[in-house]
Amino acid sequence: MRITAMGSFTLAPGHAVSWLPTAATTAAAGDAPTHTGPLTFLVENHVRGCAAARDRGAPHRAYLGSGTEIDGDLDEGRMTQALNSFVRGHSALRTWFETDGPRVAARVVDAVDVSFTAHDAGPVATDEQFQRHIADRFGAEAISTSFPGFAFGAIRRPGSFTVFFGCDHALSDGASQALALTEIIDIYTALGDPAKSSGDAPRTGALPAAETCGDTQGYLDYARAESALVDHHLSGSDELATWTEIFARNNLELPGFSLDLGLAPGETAPVTPVEITILTGDDVDRFESACRDAGSRFLTGIYAALAATDAELAGRTDYYGMTVFNTRMAAPQFASAQGWFGSFAPVAFAIAGTRTFTELLGAADAGYQQAKLLAAVPVQAALGALVAAGASPAALASTPNLLSYIDFRRFPAAGSDPYERGIIFTGEGRTANASLWINRDHRRLYLGSQTPGTPYAQHQVLRYFAHLCTVIRSVARDGDYTLSSPVEAVA
């Protein structure tokens with residue numbers, strides 16, 4: 001599995017098949033009861049933002065997608081059973097939202113009412129036709145203010161087929177995408193021949209009958225747990241106090257890209273995707289060994305390399321970033337659930353006084369360990385505390401520059417052909433940032449970013465990424481990296 005640009009999803013010609021809800025399911029979705037419990041801040045904010053964009057006439061691009069190649073002829077009936085079972089087994093995928101602006105409410109379709117059917121969607125002969133096909137489907141169907149908030153389809157041909165799944169971000173995240181298609185294929189395989197299942201049994205939804213399905217720990221349960229955490233932290237917690245202290249040291253502003261991208265406040269530009277291989281093969285292991293030999297770890301090494309790049313290109317004496325945490329890791333009952341299970345936390349540590357990558361590792365490790373504790377604070381609690389501390393709503397309304405790290409070797413289906421052939425991608429709209437997605441698999445360490453597509457911004461992000469690669473490659477080759485000049489503290 002790898003994260004890449006949507007345009008990198010290419011395939012052999014074939015015939016498109018679309019799975020759509022039956023008329024009975026569509027009617028049941030319209031009559032679905034309203035969920036009375038809380039929703040997460042990230043989901044509510046996303047739904048409001050998408051509705052506002054729709055009202056402006058902007059195309060819908062706030063989705064994630066995944067795809068893979070499967071050996072063998074497509075059995076449409078069996079795939080229909082697999083999709084029905086998969087959706088029935090995940091409450092997030094049976095959820096859609098209504099909003100009038102301030103208010104966001106969830107409607108949840110009962111598992112017994114879910115049923116999809118396959119429809120012929122015509123030939124797909126070129127990559128351009130395929131890109132248009134999935135962009136049209138995702139833009140029209142992967143919208144969480146209607147049911148279903150996802151699109152599922154296949155391109156069949158003799159001897160193999162392609163499957164793809166696109167979902168509104170309110171109902172999915174990167175980990176969900178890494179799990180979704182392999183789970184559907186597990187169910188599909190088991191329905192045809194259980195002996196060929198990639199595991200002992202499909203992880204969820206093993207039986208296609210609606211009455212056997214329905215998760216007991218899904219997104220809405222997670223939202224209730226998060227709501228309780230909000231109350232806990234707003235009543236006063238050490239973690240929330242540390243959030244506030246870190247932001248106070250940084251002008252009560254969210255982290256931005258380390259170099260000026262030439263955009264005015266509030267200005268965005270069309271996305272230009274960037275993907276760069278940092279290390280391959282044994283060099284990835286050598287970088288990890290250098291980190292471990294210094295008493296640290298692989299991910300800490302990434303932060304140390306970022307800090308060295310910030311120091312040398314931007315003159316920073318402190319590292320200040322915002323990282324994405326997959327909150328499934330802190331709640332095992334949600335480990336295989338579909339939905340948006342995420343939190344953000346600041347990573348902050350001193351660069352001043354260091355001369356080498358190895359010297360940075362200790363501070364980077366402390367900064368990351370602190371961020372893991374701060375990730376327990378839900379986003380709305382942190383933002384509420386920052387407003388109370390004097391941060392301007394406009395500053396907090398901006399999207400921070402984010403860092404995500406995913407090790408794709410750690411997912412349950414790693415090693416299976418569908419998983420290893422798979423890709424994950426996102427819709428490409430507009431951005432003012434160059435958030436960084438650093439990923440590792442069995443073959444390489446690489447970075448991806450959705451960057452502002454202006455000449456000046458491209459010059460800035462590409463020189464930053466090139467320098468970051470130089471630092472990491474030097475550590476892999478030499479075991480360390482010496483900064484061009486010592487970083488001194490500001491008096």
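Mentor: Before we look at how a helix packs, keep one definition in mind: two residues are in contact when heavy atoms of theirs lie within 4.5 Å. Remember also that this is a predicted model.

Trainee: Then let me begin with helix α10: which elements do the buried residues of α10 pack against?

Mentor: The general idea comes first: an α-helix has 3.6 residues a turn, so residues three or four places apart point the same way. In this structure, the buried residues of α10 are Phe357, Leu360, Leu361, Ala364, Asp365, Gly367, Tyr368, Ala371 and Leu374. These buried residues pack against the helices α7 (238–249), α8 (282–293), α9 (298–314) and α14 (455–478), and also against the strands β10 (318–326) and β11 (342–350).

Trainee: How many ångströms should α10 span, and how far apart are its end C-alpha atoms?

Mentor: Helix α10 has 18 residues, running over residues 357–374, and at 1.5 Å a residue it should span 26 Å; the C-alpha atoms at its ends are 25 Å apart, which agrees. There is nevertheless a kink of about 25° in α10, and Ala363 is at the centre of that kink.

Trainee: Phe357 was in your list of buried residues, so to speak of its surroundings, which residues is Phe357 in contact with, leaving aside its neighbours within four places in sequence?

Mentor: With those neighbours left aside, Phe357 is in contact with Phe287, Cys291, Gly301, Ala304, Ala305, Val471, Val475, Asp480, Tyr481 and Leu483. Phe357 also belongs to the largest nonpolar core, which has 123 residues, and those with the most contacts inside that core are Met79, Phe287, Tyr303 and Phe357. A second core, separate from this one, has 15 residues and includes Met6, Leu11, Ile134 and Phe138.

Trainee: Let me try a residue in another helix: is Val461 buried or exposed?

Mentor: To decide, you need the cut-off, which is that buried means under 20% relative accessible area. Val461 lies in helix α14, and it counts as buried because its relative accessibility is 0%. Once its neighbours within four places in sequence are left aside, Val461 is in contact with Phe257, Leu261, Ala434 and Thr451. As a separate exercise in distance, Val461 and Arg430 are 31 residues apart in sequence, and their C-alpha atoms are 16 Å apart in space.

Trainee: And where is His233 placed?

Mentor: His233 is in helix α6, which covers residues 219–234. Its relative accessible area is 3%, and therefore His233 is buried. Apart from neighbours within four places in sequence, it is in contact with Glu239, Leu240, Ala376, Val377, Pro378 and Ala381.

Trainee: Turning to strands, in what order do the seven strands of the open sheet come?

Mentor: In general, strands of a sheet pair through backbone hydrogen bonds, either parallel or antiparallel. Here the seven strands follow the order β1-β13-β3-β8-β7-β2-β6, and the pairing is mixed. The edge strands, each pairing on one side only, are β1 (2–3) and β6 (116–124). Strand β2, made of residues 14–21, pairs with β6 in the antiparallel sense over eight bridges, and the bridge partner of Gly14 in β6 is Val124.

Trainee: How many bridges join β10 and β11?

Mentor: There are nine bridges between β10 and β11, and they pair in the antiparallel sense; the bridge partner of Gly321 in β11 is Val347. Eight of the nine residues of β11 are buried, so the rest of the structure largely encloses this strand.

Trainee: My last topic is charge: how many salt bridges does a search of the whole structure find?

Mentor: The cut-off to keep in mind is a side-chain nitrogen of Lys or Arg within 4 Å of a carboxyl oxygen of Asp or Glu, and the search finds 25 salt bridges. One of them joins the side chains of Arg54 and Asp55, at 3.7 Å from N to O; Arg54 counts as partly exposed at 47% relative accessibility, whereas Asp55 is exposed at 62%.

Trainee: Which parts of the chain does the pair of Arg156 and Asp120 link?

Mentor: The side chains of Arg156 and Asp120 meet in a salt bridge of 3.9 Å, N to O. This pair links distant parts of the chain, with Arg156 in strand β7 (residues 150–157) and Asp120 in strand β6, 36 residues apart. Arg156 counts as partly exposed at 31% relative accessibility, while Asp120 counts as exposed at 56%. Elsewhere, Asp285, Glu288, Arg292 and Arg440 are joined into one network by salt bridges that share partners.

Technical notes:
Residues numbered from 1 in each chain as written. Predicted model: local features only at pLDDT ≥ 70, side-chain atom pairs only at ≥ 80, totals over all residues. Heavy atoms only, no water. Helix = DSSP H or I, 4+ residues; strand = E, 2+ residues; numbered from the N terminus. Expected span 1.5 Å × (residues − 1). Bend = angle between axes of the 7 residues up to and from the residue. Buried < 20%, exposed > 50% of the residue type's maximum accessible area, 1.4 Å probe, protein only. Pairing = 2+ DSSP bridges. Core = buried A, V, L, I, M, F, W, Y, C linked by side-chain atoms within 4.5 Å.
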